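The following exercises concern one protein chain and are to be solved with its sequence and coordinates at hand. Each task is followed by a worked solution.

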Amino acid sequence: RLLIIDFGSQVTQLIARRLRELNVYCEIHPFQNVTEAFLADFAPKAIILSGGPASVVHDHAPRPPASVFDMGVPILGICYGQQVMMDMLGGTVEGGKISGGGGTAEFGRAYVTPTEDRSDLLTGWFMDGSGREQVWMSHGDHVSKIAPGFEVYGTSPNAPYAITADPDRRFYAVQFHPEVHHTPNGRTLFENFVKSAGFSGDWTMGAYREQAIAAIREQVGDKRVICGLSGGVDSSVAAVLIHEAIGDQLTCVFVDHGLLRKNEADEVVTMFRDNYNIPLIHADESELFLGELDGQSDPETKRKIIGRLFIDVFQKYADQVEGAEFLAQGTLYPDVIESVSFSGGPSVTIKSHHNVGGLPEKMGLKLVEPLRELFKDEVRALGRELGLPASFIGRHPFPGPGLAIRCPGEITRPKLDILREADAVYIDQIRKHGLYDEIWQAYVAILPVRTVGVMGDGRTYDYACALRAVTSVDGMTADYYPFTHDFLGETATRIINEVQGINRVTYDITSKPPGTIEWE
Ligand code: XMP
């Protein structure tokens, strides 16, 4: 496996993504944790030193233990990683000046030209006839003298040491960020690097499945495991994987808070109980949830009530599973990576509901987290590997508090029923037009306002609703989806004709920021 030592760059996770795409297993660890003992235990086959906001010219600059350079494994330093390498191996780094030529601070696109024909790192580069490659720079400091043993493989107008290498020791150091999209050939550079380290690219989902099953068996032994199933992709894949490992030692608890979409509860129960034969408790507690939510209209109060009841209910049903010692969670790798810079880390508030926070300690349960090494797209790949239907794996995310936050104002059963019908028509339209997979999330919100309309010869006085559809990569930022007017018109007509209780349809064209994806 490959070790990525994180010095706090905003884009360290992308390094891991690029390597996983090459079927190389890697882990990111913050520099503070990487001690000599850690290195000995981890025994990496190669190491990447990430970028970061610090400056090696300052005292207390973060550094890896000097022993990384004695391990005999290939090392790639990126940006700050290059500077720290040069500094520790006998080169010189200077603080950046923002203006002037020749190795100053540089942000954005740059073009690298080769100085040597060195195929160990640069096979596949400089092939398009232009003799140069676009790369993405983002640095204040720069290397002003390379360390003994290093050669220059490539330069850019502002970075004389854009690509440097000590081929004998297989140490490589680049000034730019090969992991970002704006370095179009970055993947090839990583590919060459991992080849030089002897990785064969055999880390596939099939292999992961086998490993994960063995690990679950080893961890759990003959004990019982409870899994909170939400119907979302992560908990579903976790449940199916664990069931494959330990069969009926697994019991799933599906908390139905009455805020699910049309037919959703039935679909989940059918899929897991009937198709997969997974022991499943369908905790239908909609009365309890809707009773407590009655009359509440403040978004945070709604969330708090749902979160609190969810934990109570989950515990009540989990207590019925005799002898359970483990709780399974669909925690993913982005939730696990410790953030060095404390920015861009996972959003704890958003996740706390689904992760039934605090429960494991309260119930004295140990955690089983078979997805904690995977990114979201890898979870989907594992789901396909496990035979989960494509329609299930590609589902849009659905928030823990469910329809409660798509019903601004007071929640009532009639409003929820109307909302479920309208949402079903809208999603059906999106699927029929082949747009579902282009959209990150789409839903209907029922608005706390009634408007006047005319249908046939009669006056109507019914609810207005808003359609929402966004594109996004991670839910942190989002853009509204540019439906055609024909699509919007057809959908509005269908909703008004097919759903009793709605007589006006609007389309929400707010991006995030300044809006959020959900209305509450
Ligand atoms: P926002 O509305 O914050 O949503 O732009 C970003 C993503 O998070 C989901 N979301 C939630 N998920 N509990 C959840 O489990 C919540 O309270 C919650 N609020 C928003 C939302 O659906 C979107 O995918």
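**Exercise 1: A helix pair**

In this predicted model, Met 205, Gly 206, Tyr 208 and Arg 209 of helix 6 are in contact with Ala 381, Leu 382 and Glu 385 of helix 14. Determine the class make-up of this contact and how the axes of helix 6 and helix 14 cross.

*Solution.*
1. Sorted by class, the contact between helix 6 and helix 14 comprises four nonpolar, one polar and two charged residues.
2. The axes of helix 6 (residues 205-220) and helix 14 (residues 376-385) come within 9 Å and cross at roughly 80°.
3. Angles of 65 to 115 degrees count as roughly perpendicular, so helix 6 is roughly perpendicular to helix 14.

**Exercise 2: Two annotated positions**

A UniProt record (unreviewed entry) assigns the feature "binding site" to several residues, including Val 233 and Ser 235. Decide whether Val 233 is buried or exposed, do likewise for Ser 235, and list the contacts of Val 233 and of Ser 235.

*Solution.*
1. Val 233 lies in helix 7 (residues 233-246), and Ser 235 is also placed in helix 7.
2. The cut-off for a buried residue is 20 or more other C-beta atoms within 10 Å.
3. Val 233 is buried because it has 24 C-beta neighbours inside 10 Å.
4. Ser 235 has 22 such neighbours inside 10 Å and therefore counts as buried.
5. Excluding residues up to four places away in sequence, Val 233 touches Val 379, Arg 380, Gly 383, Ile 393 and Arg 395.
6. With neighbours within four places in sequence left aside, Ser 235 contacts Cys 227, Gly 228, Leu 229, Ser 230 and Gly 330.

Terms used: Residues numbered from 1 in each chain as written. Predicted model: local features only at pLDDT ≥ 70, side-chain atom pairs only at ≥ 80, totals over all residues. Axes fitted to C-alpha atoms, helices over the stretch in contact; angles between N-to-C directions. Helix = DSSP H or I, 4+ residues; strand = E, 2+ residues; numbered from the N terminus. Parallel < 35°, antiparallel > 145°, perpendicular 65-115°, else oblique. Contact = placed C-beta atoms within 7 Å. Nonpolar A, V, L, I, M, F, W, Y, C, P; charged D, E, K, R; others polar. UniProt positions renumbered as here; feature names shortened; annotations may be inferred. Buried ≥ 20, exposed ≤ 12 C-beta atoms within 10 Å, placed from the backbone.
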